[in-house]
Amino acid sequence: MSTLSAWLTLFTAAFLAATLLPAQSEGLLFWLVRTQKYHVWGLLAAATIGNVLGALTNWWLGKYIARFQHKKWFPVSPTEFAKAAHFFQKYGVWSLLLCWVPFIGDPITLAAGTLGIRFPVFITLVTLSKLGRYLAVCAAAGML
């Protein structure tokens, strides 16, 4: 696999993993790092940028289409959404630092959009969270 295709594959997996779609990217990043065929910082950048853009997609969805949350086709159940909104309201913007956590992270980013969290605050906290998680994966793979 070429370097570009490795980065694009990882970017895509990371993007999808951060949206409300079921996907994961940590295993792919771990494997790509362990092969030692690719520059670790490039892999880290591809994963982080893809994951942050996926979370930004959720924020945008929350901001602009959350009014449809009670529709059958809406990607998050009313119960999941209510839990995320409650968690977000309880802990405030700092809950965005947990957006990397499986199952709760995606609804938290959606709730952030719904609750009108400003873009600069959102993007800063989400980037720190996502980058921290991928740094831990790279460290676990023995490359940092």
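Which residues form a nonpolar patch on the surface? In this predicted model, the patch is made up of Leu-98, Trp-100, Phe-103 and Ile-104, and together they offer about 430 Å² of accessible area. Two of these residues can be placed a bit more precisely. Phe-103 sits in the loop that runs between α4 and α5, and Ile-104 is found in the loop between α4 and α5 as well. Phe-103 comes out as exposed, because its relative accessibility is 78% and the cut-off for exposed is over 50%. Ile-104, with a relative accessible area of 36%, is partly exposed. Phe-103 has another point of interest in its backbone: its phi is positive, about 75 degrees, although the residue is not a glycine. That is worth a second look, because most residues other than glycine have a negative phi.

Phe-103 has company in this respect. Gln-36 is a residue other than glycine too, and its phi is positive, near 60 degrees. Gln-36 belongs to the loop between α2 and α3, and at 58% relative accessibility it counts as exposed.

Right after the patch in the chain, the picture turns to helix α5. This helix covers residues 105-114 and is mostly tucked away, with nine of its ten residues buried. The buried ones are Gly-105, Asp-106, Pro-107, Ile-108, Thr-109, Leu-110, Ala-111, Ala-112 and Gly-113. And what does the covering? The elements lying over these buried residues include α1, α3 (40-65), α4 (78-91) and α6 (119-140). Following α5 comes Gly-116, with a positive phi near 75 degrees.

On to charges. How many salt bridges does the structure hold? There is one, and its partners are the side chains of Glu-26 and Arg-133, which meet at 2.9 Å, N to O. The pair ties together distant parts of the chain, since Glu-26 is in helix α2 and Arg-133 in helix α6, 107 residues apart. The two ends of the bridge are not covered alike: Glu-26 is partly exposed, at 26% relative accessible area, whereas Arg-133 counts as buried, because its relative accessibility of 10% falls under the 20% cut-off. Arg-133 does something else besides. Its charged end sits over the ring of Tyr-134, 4.3 Å from the ring centre.

Tyr-134 turns up again in the surroundings of Ser-25. Ser-25 lies in the loop between α1 (3-18) and α2 (26-35). Is Ser-25 buried or exposed? With a relative accessible area of 0%, Ser-25 is buried, because anything under 20% qualifies. Leaving aside residues up to four places away in sequence, Ser-25 touches Leu-10, Ala-13, Ala-14, Ala-17, Asn-51 and Tyr-134.

Finally, the aromatic rings. The count comes to three aromatic pairs. Which residues do ring pairs link into a cluster? The members are Trp-59, Phe-119 and Phe-122.

Key
Residues are numbered from 1 along each chain as its sequence is written. This is a predicted model: local features need pLDDT of at least 70, side-chain atom pairs count only at pLDDT 80 or more; totals for chains, interfaces and linings use all residues. Side-chain values use heavy atoms; hydrogens and water are left out. Rings of Phe, Tyr and Trp (its six-membered ring) pair if their centres lie within 6.5 Å; planes under 30 degrees apart count as stacked, over 60 as edge-to-face and the rest as tilted. A charge sits over a ring if NZ of Lys or CZ of Arg is within 6 Å of the ring centre and within 35 degrees of the ring normal. Helices (H or I, at least four residues) and strands (E, at least two) are DSSP runs, numbered from the N terminus. Buried means under 20% relative accessible area, exposed over 50%, partly exposed in between (1.4 Å probe, protein chains only). Contact means heavy atoms within 4.5 Å. A salt bridge is a side-chain nitrogen of Lys or Arg within 4 Å of a carboxyl oxygen of Asp or Glu. Patches are made of residues with over 30% relative accessible area and no salt bridge: like charges are joined within 9 Å, nonpolar side chains (Val, Leu, Ile, Met, Phe, Trp, Tyr) within 5 Å. Accessible areas come from the Shrake-Rupley method with a 1.4 Å probe; for residues, only the protein chains shown count as cover.
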